[in-house]
Amino acid sequence: MKLKAIAYHLEERLKVVDIQKKIEYSLIRKEHSYLFYEVSHQSYIYIKDFGSVVFVNCSEEIVKATINNLVEKNVVLSELPFEAFDILVEENKSQNVAFDVIYVKELNADIAQVIMMNLAQSAAIDHYVNDSMKLIDGIKQYADQLEIKGRILLSFKQMRKFIGETMNIKNRIAKNLFIFETSNLAWSKENLSDLDNQLRFQLDVVNRFKGLENNLNIVKENLDFFQAIIQHKHSSVLEWIIIILILFEVIQVIF
């Protein structure tokens, strides 16, 4: 039997307490950071407070209706960061994770939750990587100016906005660092731990997160360099103003 698992990141944090009032499906598990619903047999919805919503064996109508209900507006799903896998339930096949396919002997709530937790993390990383790439693209135009013209057309205000944007992304990642940890559920049974490890390896969560940190460090290094150039330029202007004022005073004294 082939089932579809797909995770979307809504690009905003979700309040678990408020969500409970919006979703009418059977709530089978909950903690302060997530809600886990059973829609029907082998059909689940997993909602994580850092902004990811994961669906297993849910119709497109349920997916759209749930997400639109959570954000209270019509969302174009194709524009959201997402991660998708097929789940193949085969009793005679050993548990395994391949490229975009997860093989399990059965699909119960525990197995579904481990799968959905990892997909939620992966979709969140995609969102943050997209944010960091936007910052790098913004930095590149000023690096190109420096290479071609020997100077950058960047004001102190623009510099402060870039720094603020970078800090906000870093703060959001720091606030959600726990999302890259293994769930306690994965330690409860050997098959769940094995599935969790295989998913983390296949999704390359750790390396992608390190790449994300590297992107943000590159942005910071460039901003520090640009800031030093602008401060030097500002200091030079002040020095010339002081020199002109002194020269003016000297001329006055002479006359």
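A residue is called buried under 20% relative accessible area, exposed over 50%, and partly exposed in between. Keep that handy for the exercises below, and remember that this is a predicted model.

**Exercise 1.** Work out where Val250 sits and whether Val250 counts as buried, exposed or partly exposed.

*Solution.* Start with the address: Val250 belongs to helix 6, which covers residues 205–254. Next, take the relative accessibility of Val250, 39%. That value falls in the range between the two cut-offs, so Val250 is partly exposed. Finally, look at the company: Val250 helps make a nonpolar surface patch of about 780 Å², together with Ile242, Ile246, Leu247, Ile251, Ile254 and Phe255.

**Exercise 2.** Trace the sheet: in what order do its strands come, and which are the edge strands?

*Solution.* Go across the open sheet and you'll meet 8 strands in the order 2-3-4-5-1-6-8-7, with mixed pairing. The edges are strand 2 (26–30) and strand 7 (96–98), each pairing on one side only. From one strand to the next, the twist averages 20°.

Now zoom in on strand 1 (residues 2–9) and strand 5 (residues 52–56): they run antiparallel and are joined by 5 bridges. Within this pair, Ile6 stands opposite Phe55 of strand 5.

**Exercise 3.** Find which strands helix 2 touches and which ones helix 5 lies across.

*Solution.* Helix 2 (residues 60–71) packs on the sheet, touching strands 1, 3, 4 and 5, and its direction makes about 160° with that of strand 5. Then turn to helix 5 (residues 190–203): this helix lies across strands 6, 7 and 8, running at about 10° to strand 7.

How values were computed
Residues numbered from 1 in each chain as written. Predicted model: local features only at pLDDT ≥ 70, side-chain atom pairs only at ≥ 80, totals over all residues. Heavy atoms only, no water. Patch = residues over 30% accessible without salt bridge, like charges linked within 9 Å, V, L, I, M, F, W, Y side chains within 5 Å. Areas by Shrake-Rupley, 256 points an atom, 1.4 Å probe, with all protein chains shown as cover. Salt bridge = Lys/Arg side-chain N within 4 Å of Asp/Glu carboxyl O. Helix = DSSP H or I, 4+ residues; strand = E, 2+ residues; numbered from the N terminus. Buried < 20%, exposed > 50% of the residue type's maximum accessible area, 1.4 Å probe, protein only. Pairing = 2+ DSSP bridges. Axes fitted to C-alpha atoms, helices over the stretch in contact; angles between N-to-C directions. Contact = heavy atoms within 4.5 Å.
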